[in-house]
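Here is a short briefing on one protein model. Have the sequence and the 3D view at hand as you read.

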Amino acid sequence: MTNLVDEVVAIACGPGESLLSALERQGHRVEYQCRQGYCGACRLPLADKSTPALSYLRPPLAWHGEDEVLTCCTHASSPIRLKLT
Ligand code: FES
C-alpha cells in the first residue's frame with residue numbers, strides 16, 4: 001500500500017550546519033548528490049510558507065521553487081517544518 005501523505009518534520013540546525021546534515025543527524029534519509037547546491041537532488045518542499053529563519057551557507061545554483069529549499073546549502077537558525085517526500 002502506498003502512503004499518500006507526506007511526512008512533515010520539524011528540524012533545527014546546529015551552528016553552521018546545513019538542513020541536510022541536520023536531517024541526517026536525526027536519522028532521516030534525504031536524497032543528495034553534490035552537497036554543493038548545483039544538482040538540486042536535495043530539494044524538499046517547505047511545510048509552511050513563512051520561514052523567516054532560513055539563510056544560505058553558500059549560494060545555490062540549482063533551481064528551486066518559492067515553497068522549496070535546497071537542504072545541502074541552507075541553514076535554519078530556528079526549527080522549520082519540511083515535507084519528506
Ligand atoms: S545535493 Fe546537490 S543541490 Fe543539494
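**Strands, core and cysteines**

Ile11 stands opposite Ile80 in strand 6. This is a predicted model. The briefing starts from that pair of residues and then turns to the core, the cysteines and the rings.

**Strands 1 and 6**

- Strand 1 covers residues 7-11, and it pairs with strand 6 in the antiparallel sense. The pairing runs over 5 bridges.
- Strand 6 covers residues 80-84, and its side chains alternate.
- Ile80, Leu82 and Leu84 point to one face of strand 6 and are buried.
- Arg81 and Lys83 point to the other face and are not buried.

**The nonpolar core**

- In soluble globular proteins, nonpolar side chains tend to be buried together.
- The largest nonpolar core here has 20 residues. Those with the most contacts inside it are Ile11, Leu19, Leu23, Leu44, Ile80 and Leu82.
- Strand 1, helix 1 (19-25), strand 4 (68-70) and strand 6 are the elements that give two or more residues to this core.
- Helix 1 provides the largest share of this core, with 4 residues.

**Two core residues up close**

- Beyond its neighbours within four places in sequence, Ile11 is in contact with eight-listed partners that include Leu19, Leu23, Ile80 and Leu82.
- Ile11 also touches Ala22, Gln26, Ser78 and Pro79.
- Leu19 lies in helix 1. Its relative accessible area is 0%, so Leu19 counts as buried.
- Leaving aside the same span of sequence neighbours, the contacts of Leu19 include Ile11, Ile80 and Leu82. Among the others are Cys13, Leu54, Val69, Thr71, Thr74 and Ala76.
- Leu19 and Ala76 are 57 residues apart in sequence. In space they are 6.8 Å apart, C-alpha to C-alpha.

**Cysteines**

- How many disulfides are there? The count comes to 0 disulfides.
- Cys73 is in no disulfide. The nearest cysteine sulfur belongs to Cys72 and is 4.2 Å away. A disulfide needs two cysteine sulfur atoms within 2.5 Å.
- Cys73 is buried, with a relative accessible area of 0%.
- Cys34 is buried too, with a relative accessible area of 17%. The cut-off for buried is under 20%.

**Rings**

- The structure holds 0 aromatic pairs.
- Which residue has its charged end over the ring of Tyr32? The charged end of Arg35 sits there, 4.4 Å from the centre of the ring.

Methods: Residues are numbered from 1 along each chain as its sequence is written. This is a predicted model: local features need pLDDT of at least 70, side-chain atom pairs count only at pLDDT 80 or more; totals for chains, interfaces and linings use all residues. Side-chain values use heavy atoms; hydrogens and water are left out. Buried means under 20% relative accessible area, exposed over 50%, partly exposed in between (1.4 Å probe, protein chains only). Two strands pair if DSSP finds at least two bridges between them. A nonpolar core is a set of buried Ala, Val, Leu, Ile, Met, Phe, Trp, Tyr and Cys residues joined through side-chain atoms within 4.5 Å. Contact means heavy atoms within 4.5 Å. Rings of Phe, Tyr and Trp (its six-membered ring) pair if their centres lie within 6.5 Å; planes under 30 degrees apart count as stacked, over 60 as edge-to-face and the rest as tilted. A charge sits over a ring if NZ of Lys or CZ of Arg is within 6 Å of the ring centre and within 35 degrees of the ring normal.
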